[in-house]
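Grab a pencil and have the viewer open next to you. These exercises walk through one protein model, a step at a time.

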Amino acid sequence: MLNNNVVQGIITQVSPKPTIILGIVTLLKDTIIESIDNKTSTNVILDLNGKNITCSSGAAITNNGTLKVQDDNTTKGTIQGTTIGILNNASKSLTINSGTVKSTASGSTSYAIHNKGTLIV
């Protein structure tokens with residue numbers, strides 16, 4: 001679960017699925033999670049800060065709003081899902097400025113980014 005020792009930003013604790021609700025979220029250390037949801041109509045910047053998010057099952061991040069992923073650290077962080085790194089849902093916006101997104105699964109159901117909306121890389 002993400003908490004104040006892991007991120008700096010505004011999130012709600014929906015155990016074991018944290019939900020980002022506003023603003024800039026900066027990762028403070030590597031973390032293993034079930035998944036993170038970006039709620040509908042929210043505008044979030046996720047700064048990996050050279051750290052890694054590893055998902056224990058499914059998609060690491062599900063985007064239902066506007067999400068920008070960046071990494072201002074010289075050592076770039078990673079978002080790693082088991083089947084999907086980031087799921088960008090229909091009519092939603094995802095921008096990847098820096099960092100790495102990947103999936104550990106193989107086959108036709110494995111995506112680094114499963115894009116159903118607008119994607120800018």
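**Exercise 1: the overall picture**

Among contacts in the protein chain between residues at least 6 apart in sequence, what percentage join residues at least 24 apart? Then describe which elements the chain is built from.

Solution.
- Step 1. Keep in mind that this is a predicted model.
- Step 2. Take the contacts between residues at least 6 apart in sequence: 48% of them join residues at least 24 apart.
- Step 3. Now go through the elements: the protein chain has 14 strands and zero helices. Reading from the N terminus on, you meet β-β-β-β-β-β-β-β-β-β-β-β-β-β.
- Step 4. Look at burial: of the 121 residues in the protein chain, 43% are buried.

**Exercise 2: how far to trust it**

Find out which element has the lowest mean pLDDT and which has the highest.

Solution.
- Step 1. Start with the whole protein chain: its average pLDDT is 81, and 80% of the residues score at least 70.
- Step 2. Go element by element. Strand β1 (residues 7–12) has the lowest mean pLDDT, 45, while strand β14 (residues 118–120) has the highest, 97.
- Step 3. Check the start of the chain. Over residues 1–17, pLDDT stays under 50, though the model still has 47 contacts beyond four places in sequence for this stretch.
- Step 4. Draw the lesson: where pLDDT is low, predicted coordinates should not be read in detail.

**Exercise 3: the nonpolar core**

Work out which residues have the most contacts inside the largest nonpolar core, and which strands each supply at least two of its residues.

Solution.
- Step 1. The largest nonpolar core has 18 residues. Leu46, Ile53, Ile61, Val69, Ile79 and Ile86 have the most contacts inside it.
- Step 2. At least two residues of this core come from each of β2 (19–27), β5, β6, β7 (59–63), β8 (66–70) and β11.
- Step 3. Zoom in on Leu46. Beyond its neighbours within four places in sequence, Leu46 touches Val25, Ile53, Ile61, Leu67, Lys68, Val69, Gln70 and Ile79.
- Step 4. Put this in context: nonpolar side chains tend to be buried together in soluble globular proteins.

**Exercise 4: Asp47 and Asn49**

Is Asp47 buried or exposed, and which side chain of opposite charge is nearest to it? Next, trace how Asn49 is placed.

Solution.
- Step 1. Asp47 sits in strand β5 and is buried, yet it has no salt bridge.
- Step 2. Lys76 is the nearest side chain of opposite charge, 7.7 Å away. A salt bridge needs the two charged groups within 4 Å.
- Step 3. Look for another partner: a polar atom of the Asp47 side chain lies 2.9 Å from the backbone nitrogen of Asn49.
- Step 4. Move on to Asn49, which lies in the loop between β5 (43–47) and β6 (52–55). Its phi is near 55°, a positive value in a residue other than glycine.
- Step 5. Asn49 has a relative accessible area of 24%, so it counts as partly exposed.
- Step 6. The side chain of Asn49 reaches the backbone oxygen of Leu27 at 3.0 Å. Leaving aside neighbours within four places in sequence, Asn49 contacts Thr26, Leu27, Asp71 and Asn73.

**Exercise 5: three more loops**

Sort Ser91, Ser98 and Gly58 into buried, partly exposed or exposed, and look at what surrounds them.

Solution.
- Step 1. Ser91 is in the loop between β10 (84–88) and β11 (93–96). Its relative accessibility is 71%, so Ser91 is exposed. Phi of Ser91 is near 65°, a positive value in a residue other than glycine.
- Step 2. Ser98 is in the loop between β11 and β12 (100–103). With a relative accessible area of 18%, Ser98 is buried.
- Step 3. The Ser98 side chain reaches the backbone nitrogen of Asp71 at 2.7 Å. Beyond four places in sequence, Ser98 is in contact with Val69, Gln70, Asp71 and Lys76.
- Step 4. Gly58 is in the loop between β6 and β7, and at 25% relative accessibility it is partly exposed.
- Step 5. Gly58 and Gly81 are 23 residues apart in sequence, and their C-alpha atoms are 6.1 Å apart in space. Contacts of Gly58 beyond four places in sequence are Gly81, Thr82, Thr83 and Ile84.

Terms used:
Residues numbered from 1 in each chain as written. Heavy atoms only, no water. pLDDT = per-residue confidence, 0-100. Helix = DSSP H or I, 4+ residues; strand = E, 2+ residues; numbered from the N terminus. Contact = heavy atoms within 4.5 Å. Buried < 20%, exposed > 50% of the residue type's maximum accessible area, 1.4 Å probe, protein only. Lys, Arg positive; Asp, Glu negative; His and termini not counted. Polar contact = N/O pair within 3.5 Å; in protein donor to acceptor, adjacent residues only side chain to side chain. Core = buried A, V, L, I, M, F, W, Y, C linked by side-chain atoms within 4.5 Å.
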